[in-house]
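Biologist: I would like to learn how to read a few features of a fold with you, taking helix packing before anything else. Could we begin with the model itself in view?

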Amino acid sequence: MDLIRGLHNLARLRKQDGSRGCVATIGNFDGVHLGHQAILEQLRERAAAYGLPATVVVFEPQPREFFAGDKAPPRLTRLADKVRLLGSHGAERVLCLPFNETLRSLSAREFIEQVLIDGLGVRHLVVGDDFRFGCDRAGDFALLERIGAAEGFAVEHTRTFEIAGERVSSTRVREVLAAGDMALAARLLGRAHHWQGRVVADRQLGRTLGVPTANLPLPNAPLAVSGVYAVMAHLADGRDCPAVANIGWRPTVGTPRPVLEVHLLDFAEDLYGQPMRVSFCAFLRGEQRFDGLEALKAAIYADIALAKRFFALAAGETPASDEQALLDCMTSMADLPLASRPLSALMTDAPTAPLHGTAEVSDSTAREAQASRPHDG
């Protein structure tokens, strides 16, 4: 798959392939959820019929980020993750246009001429019938149809994808994540919500509390999720390790920017410098400010116990080690309390028998828990 940054690079690519044109769609594709995947399937079908590359046009930053700044909705996926997901769902080319004052100032007709006709050589365009573009959002689906008919490209509206009678959208995914319903979020996304990055050295506070963490840096931007979660850590060597994580601002000890701290359960290896992907499985609690490190440490142990209970329940008392099996389990448990409210509420509904050693939390387990939750918070 080709990632093309800017129209100037697109012009060079078109010269290389003989200016055959493409079948294209345009959007933010934040999260690449099931609704987006339905559009990509539609795109692939049309591209195959034309014998042309399936091309996705995205913007960086996203338009609402350009206009609203920090008040824009939190992202579900960074650009690199978005491009990877688009490619995995059949996009052959991704054109990333810088959304700046120059692009913003283009009239609707100029956008069509410069981007769609001269830039992409589009032969068939798949967009939502509510798609607006150009300066002051003056362009719409009807304008695309009129100009397309005159310039020789077809315009088709995207399919709507619904779950439980509601349209799947990035806004809905954000709302579900904010509510802590990770099972429903996984259904809407077609996978668990995740974050990935390379493990970096931090203040090592978790280690001093007996709960070492693998820390992933986060952009200094609004977060789609925050708090403490049961997560699955996917390591570079292919292992999937149950873990507990904190994502946010560590209100007890503070941090200059948000951080994702992951404590792998019953794990004592060095992960510094290694890539890791973290799938969010169950919401445990929001971030809290504690009255000192001892109170924080006690909360971390409690978080570890809750995470262990989740993985025990999710896998029939056997820790889950397979991502798809966990996703299937999360989906099948959608009607259970842990899918729709903090897992701590489950403690009053479930037996109080020890959970895989939670009666006596080992030093290594404590280390893990502290590390994974910005447990500070």
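Modeller: This is a predicted model, and a good place to start is a pair of helices, where α6 passes α7 in a right-handed crossing. The residues in contact are Ala108, Arg109, Ile112, Leu116 and Ile117 on the α6 side, with Leu143, Leu144, Ile147 and Glu151 on the α7 side. Sorted by class, this contact of α6 with α7 comprises seven nonpolar and two charged residues, and no polar ones.

Biologist: At what angle do the axes of α6 and α7 cross, and why are the two helices called oblique to each other?

Modeller: The general idea is to compare the angle with set ranges, in which under 35 degrees is roughly parallel, over 145 roughly antiparallel, 65 to 115 roughly perpendicular, and the rest oblique. Here the axes of α6 (residues 108-120) and α7 cross at roughly 50° and come within 11 Å, and the pair is therefore oblique.

Biologist: What does α7 lie across, and at what angle does α7 run to β6?

Modeller: Helix α7, residues 141-151, lies across β5 and β6, and its angle to β6 is about 155°.

Biologist: In which order do the strands of that open sheet follow one another, and which are the edge strands?

Modeller: One reads the order across the sheet rather than along the chain, and in this open sheet of six strands it is β1-β4-β3-β2-β5-β6, with parallel pairing. The edge strands, each pairing on one side only, are β1 (2-5) and β6 (154-157). From one strand to the next, the twist averages 25°. Helix α4 (residues 79-88) also packs on the sheet, where it touches β1, β3 (54-60) and β4 (93-98), and its direction makes about 170° with that of β3.

Biologist: Over how many bridges do β2 and β5 pair, and which residue of β5 does Val23 stand opposite?

Modeller: Strand β2 (residues 22-26) pairs with strand β5 (residues 122-127) in the parallel sense over four bridges, and the residue opposite Val23 is His124.

Biologist: How should I read burial, and why is helix α9 described as largely enclosed?

Modeller: A residue counts as buried under 20% relative accessible area. In α9 (residues 182-189), seven of the eight residues are buried, so the rest of the structure largely encloses this helix. Those buried are Met182, Ala183, Leu184, Ala185, Ala186, Leu188 and Leu189. Just after α9 comes Gly190, with a positive phi of about 80°.

Biologist: Is Gly248 buried or exposed, and in which strand is its place?

Modeller: Gly248 has 0% relative accessibility and therefore counts as buried, and its place is in strand β12 (residues 240-248). The C-alpha atom of Gly248 is separated by 8.8 Å from that of Val228, which is 20 residues apart from Gly248 along the chain.

Technical notes:
Residues are numbered from 1 along each chain as its sequence is written. This is a predicted model: local features need pLDDT of at least 70, side-chain atom pairs count only at pLDDT 80 or more; totals for chains, interfaces and linings use all residues. Side-chain values use heavy atoms; hydrogens and water are left out. Two strands pair if DSSP finds at least two bridges between them. Axes are lines fitted to C-alpha atoms, for helices over the stretch in contact, and angles run from 0 to 180 degrees between N-to-C directions. Contact means heavy atoms within 4.5 Å. Buried means under 20% relative accessible area, exposed over 50%, partly exposed in between (1.4 Å probe, protein chains only). A crossing is left-handed if the near helix is turned anticlockwise from the far one by less than a right angle, and right-handed if clockwise. Ala, Val, Leu, Ile, Met, Phe, Trp, Tyr, Cys and Pro count as nonpolar, Asp, Glu, Lys and Arg as charged, and the others, Gly among them, as polar.
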